[in-house]
Amino acid sequence: MKPSAFEYVRATSVADAIDALARHEFEAKILAGGQSLVPLMNFRLAAPTVLVDTNGVDGLSYIKRTNGTLAFGAMTRQGAIEDSPIVAESCPLLLEATKLVGHRTVRNRGTIGGSIAHADPSAEYPAVLLALDGDVVVEGASGQRVIPASELFLTVCTTSIAPNELLTEVRLPVLPAGTGSAFLELNRRHGDWAIVGAVAVVTVDARGICEEARIALAGVDATPVRCHAAESVLQGEHLTEQVLAEAARQCAGAVHPGDDLHATGDYKRAMVRVFVERALRLARDRCGRIENV
Amino acid sequence: MKIKGESEFKASQQRVWDLLLDPEVISRCIPGCQELKAVGDDAFEARLRIGIGAVSGTYEGTLRITERTPPSRYAMVFEGTGRGGFVKGSGHADLRAEQGGTIVAYECDVEVGGLIASVGQRVLEGVSGFLVGQMFSKLQGFAREEAA
Amino acid sequence: MSETIRVTVNGVTYERTVQPRKLLADFLREDLELTGTHVGCEHGVCGACTIRVNGQTARSCLMFAVQADGADLTTIEGLAENGDLSPLQQAFWEHHGLQCGFCTPGMLMCAAELLERTQEPSESEIREAISSVLCRCTGYHHIVESVKAAASSMRGEPDSAAV
Amino acid sequence: MAARNPSIGKSLKRKEDKRLLVGKGTFADDLKFSHLSHCAILRSPHAHARIRSIDTSAALAHPGVFGVLTGEEVGRISRPFPTGMPTRLPYYSAAVEKARYVGEPVAIVIAENRYVAEDACELIRVQYDALPAVTDPEAAAAEGAPLLFEELGTNVVNHRLLSYGDIDQAFDEADVVIKERFRFHKYSSTPIETCVAVAQYDDATGVMTVWSNFHGPYSLHSFVAKGLNLPENRLRLIAPPDIGGSFGIKIGIISYLTLLGLAAKKTGRTVKWVEDRREHLMALNSGAERTADYEMAAKRDGTILGVRARYMDNNGAYIRAPEPANLYRTTGNTPGGYRIAHLQIDANCVVTNKSPTGPNRGYGCQQLYYCLERMVDLLARELDADPAELRLHNLVQPDQFPYRTPSGGLYDSGNYPAGVRKALELADYESLRRQQAAARRDGRLVGIGIATGVEPCVSNMGYLNIAFPPEQRAKRGFHGKSGAGEAATIKMDPMGQVTAILGSAPSGQGHEILVAQVVADNLGIAPDSVTVVSEMDTFTRLWTISSGNYSSRFASAGLSAFAEAAVKLKEKVLRVASNELDIPIERLRTEDGKLFVDDATEPVMDFRRIAGIAHWNPDSLPDGMEPGLQVAHIFNFTPARIIDEQDRVNSSNTYGFIAEIVMVEVDRETGEIEFLKFVSVHDAGVIINPQRVEGQVYGGLVHGIGGAMYEDLAYDENGQFLAGSFMDYLCPTAMEIPPLAIGHTCTPSPFSTVGTKGCGEGSAMTAPAAIANAVNDALSTTGVQINELPLTPSKIWTAMWKAGAAEGGEAATVSAPATSPGS
């Protein structure tokens, strides 16, 4: 199991990387953390003829909080996110999701940009980005553009980022006070891909009424899935057990996962209900206004 | 693996029938189709370059129409091989007129073998659904263009 | 198409010419003859090939040797100092933390990283830290015991359970 | 004479560890060669296909490629492997004419490195005519099934009806008869080190040398030689000192040793193959899948009268030695620990389009005990009896040993009720039952499972003959088999230092320290001072036809050989000393490398002096004594007798015992299993080094847990293999393993020299049964029973859902619309 031969480009700047992509377009792939791409190459499922290594690009690894937005350089390692006090304080959901990404050794190399651009439907970061309505910034020869999460994921491992564009930044909104969140996952073993991943975010006002709810799922379709219908069940309501259960039921009814080696489609759908409900309960209990419920 | 679904066309049943069996149209609608050539009655050879994310490969294969009942039903068998292994299967499509348009109900039994089957089965169904979906949405596009 | 790289492994700097596709694990084993790092799956799951790259654990089967240009690597061969086993290695010996020894390089690397991050790891922290390495011989019990014992000896406590 | 300060019984640190901990072990892939070529193997993507043509021209033209060997050539230049059964199969090291499973070698490319070899594999064009495949043993045995070997006319390639006692009488006398069907799946212990082989052929001498991590050599040396069409004394197999685990699985390497040999001969190069993980999972070896139909006859008081079973073993596409032994290795211990007088086994070995099977830690016993222990639990339910009490009622009693089972097993020693009671005590069984009752009142699904098993150790070669019917065995010229031997060599050098040389290749169990302890105690020296050599070389080592690292045989057979060799060496030492000192042998004793007279505390002489005499001055030795101090010794178990006319055979030589108690909770919403208690009690006879035994027990348990819940070499209905990576073949990590409590009982074996039995396979045999019993007990309030493995959350939830007992199932009752991506 050895990779096919490729031309190696060690990019030292964003411009460098974009230039290499422009020259090779469909034949080139970005090498970020390599934790998904290199296994595919070792299996020879992927055989890019040019590999553009962005590990040496300056200025793509940072975590910044500005004006209600958390911005991450695309090459920020998942391990750095796990250790970041800013993330722990401003986006506990991302921290919780990060701890579910493989193992520490994987997170030491894996990057936030790489995970999102790879767009594995079972992965954690794409589901978080979608749930929080985050954005990604991409740069190509024709300049920079911002892609909202809702327009990013097309299908399995496929995004609307063009082959000649480089993802440079990931932006997540900082959630208001009164917000609770949870990321729960069902998997066969610790560190495995999610069979079902459920993201729940609720913002509750001082009276205990849900002002805003966000639910996203991983592992049950060709992309991460947002459950707007279920969210509207929660909005404007006291988050009672019945309301949470109804929202969870809505989520399960909205997805049609297929069978795979580890679980049947029916099972996955039932687990959507179970894990959304559990995640919602946890999110509600974490919003700091539970006494009002 | 079973791929099954329905696709709605805003065109007459005869028109859709003609579209679906026109090699020229089909070759432009099959994702990544680089070549589709007739090698006899109802038999074709094709070369496809399929790419999903970082995974891509060229497949060469054949397709043969095994049943033709114009304008309502046809069936086919196909097989292809490439670096990731092989794909083979059989399927059929049933056309019916409905509310001024045409519904195509299709069903395929697909066997994927080799490397992709042994290491990629987690995403296989999603990918197949996406590729078939792409093909039909392009076909729908053709039908729309003609209608317009 | 070859590239010349300079890497420091266990304090020794090497300069070698490699093909871009050469995996770092193969480079260590074949080009540098450091065969203590083992290859068990080549797709980033078994963890036997885990090394430290600039201080952090990484799967050497998921990196290309060219990516290690300029990096400071530590492999299992670099854990003992002047021929003396590190407290972690010693604890693995005392507490039967290995059987066939094939996953051991990965186990030691992950446990060492944990013990640098946490002086008093709980059992579940230990299990989580070593869960990125598969072991098929030990059932993990004695590995967990070994890491516990290493932590306690690194804190200067006597090793009561040693045999 | 017992050592004064015995090392036996102490957890001495392993001799192997230091080199492994500093990264200086020597595994097969670490061996250095000059001018090494590498290879990659092109494998069939089809489960069943005729090979129409293979075009290797582009591969051969690729820079860096030295040669390509195709299956067609393999068919011409080698011979089919022998089979240990009456039916012969055209089994070669690569596919000849037909490929019969996904992953079967079709061609091998020899090149300057592995990367280039894989490049060239992609350039080979193979034209296949796909054929219908069959993957299920029952479907394969049915009329009209696709045939793997058309010339045989059937896929059932070995069949025996084995009857012991009077099975009809048992069922006639029964008050209760229960029946059940079980499915045991295909999985493998997947050592972390994959297979490695390096072959080199010397034209001048005609000797083929193959270095590999094969933990033989045993009878499989001749298997490789036959495949290569070489006399056995021209085939040299060498194993390095360190092997990264096997658990039986690496026995699958033997066909590759032949393939590599052919590649080396063809290219005139030293050729190396390192199996990759996908190759390993897809094509190496696994335990056999079994579909079994069981019937059990019992009296109302719980006495089990008889068991009738039909085994349909799925042995994959070829029957590779030692198969079909999955059916027969357990013959002697068919009734487990129970006094069951009447047995009937309808044993069927079936070929299908899956990878070939073979030994996997527990070989045959996990399948046996899974079914048998499920049946005992089902009987307990039927009789409304406590499953622990029912087992105690039927166990062989301590005063019955050595105990002869109806199928010929001779259980050497044991106290099975004591083992079960110890497990009950460690688990606090009564308290567990109370906790379970309380949990059930709260609607929780909590269950307790018990399993027992007799652990057969040191296979008797004689059981291999069961594959042949008695009429055939009675014919003149039939080669009857028996025996269970092991070799040991001990040398005392001229300076009095001792070296012990193994006759087999260990794979991580720590044999070096065990040998040092046994040799040291028997000789009167310190274990530290013994050098133990663990590489294997069939040209230079003393070994027997049964030598090897399998069937938990080292502690019994290997250590018996070393104990007896050490006694012989000590006798020589004492003879020299007695002659030199003119003191009768009876008055001399040895300790710490010195000789003492009677109870004196001051030594009269040390080993160095004696060794000096023996080596340097033979003239002064007693009359007739050979010079030097060396012993080459072969030990053989005398109970390893030939099979009798009634198919009775003592299939192993020592028999350990296991009792396990597991408490689980099943999550009603998700079907996930949580362990609340896991207790495992073992009788391994005399324990040489407690820490080593514990290590084996924990390791075996985790293989049992993996098999019961996680690991599955899954195929689809077309024979496509689906679990080709460690992302889909799920080995448990440290996070999945519950705290385990282990206990021991000890009944020394009267047949092994030091009283040892084996313990290497242990809970791999019984844990699947214990877990399945616990889960089914948990599910019993829902009306659901699951008699197949693995017990995945999806499977458990689906069964509950179908029975209307799952929570969260409502969503799934929404009917799934057809995928309509284009609409």
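Colleague: How far apart are the closest C-alpha atoms of chain B and chain C?
Modeller: They lie 11 Å apart, and no contact (heavy atoms within 4.5 Å) joins chain B and chain C. This is a predicted model, with local features needing pLDDT of at least 70 and side-chain atom pairs 80 or more, while totals for chains, interfaces and linings use all residues. Residues are numbered from 1 along each chain as written, chains are lettered from A and ligands numbered from 1 in written order, and side-chain values use heavy atoms, without hydrogens or water.

Colleague: Which chains share the most contacts, then?
Modeller: Chains C and D, out of 5 pairs of chains in contact.

Colleague: Let's look inside chain C. At what angle do α2(C) and α3(C) pack?
Modeller: Helix α2 (residues 87–94) of chain C packs on α3(C) at about 125 degrees, and their axes are 10 Å apart. The pair is therefore oblique, meaning 35 to 65 or 115 to 145 degrees. From α2(C), the contact uses C:L88, C:Q89 and C:F92, and from α3(C) it uses C:M107, C:L108, C:A111, C:A112 and C:L115.

Colleague: And how do the axes of α3(C) and α5(C) cross?
Modeller: Helix α3 (residues 104–117) of chain C and helix α5 (residues 141–154) of chain C cross at roughly 40 degrees, with axes that come within 11 Å. They are therefore oblique too. On the α3(C) side, C:M107, C:A111, C:L114 and C:L115 meet C:I143, C:V147, C:A150, C:A151 and C:M154 of α5(C).

Colleague: Switching to chain D. Which residues of α14(D) are buried?
Modeller: D:Y429, D:S431, D:L432, D:Q436 and D:A439. Buried is under 20% relative accessible area and exposed is over 50%.

Colleague: Why do those buried residues line one face of the helix?
Modeller: Down the axis of α14(D), the buried residues fall within an arc of 155 degrees, so they share one face. On the other side of α14(D), D:E430, D:R434 and D:R441 are exposed.

Colleague: What do the buried residues of α14(D) pack against?
Modeller: Several elements of chain D, including α12 (387–394), α13 (416–427), β18 (445–457) and α20 (763–779). Just after α14(D), D:G443 has a positive phi of about 85 degrees.

Colleague: One more: is D:S504 buried or exposed?
Modeller: Buried, with a relative accessible area of 1%. D:S504 sits in the loop between β20 (498–502) and α16 (511–523) of chain D.

Colleague: What does D:S504 touch?
Modeller: Leaving out residues up to four places away in sequence, D:S504 touches D:G216, D:E486, D:S534, D:M536, D:S547, D:G548, D:N549 and D:F554.

Terms used: Buried means under 20% relative accessible area, exposed over 50%, partly exposed in between (1.4 Å probe, protein chains only). Helices (H or I, at least four residues) and strands (E, at least two) are DSSP runs, numbered from the N terminus. The arc is that of the directions from the helix axis to the C-beta atoms. Axes are lines fitted to C-alpha atoms, for helices over the stretch in contact, and angles run from 0 to 180 degrees between N-to-C directions.
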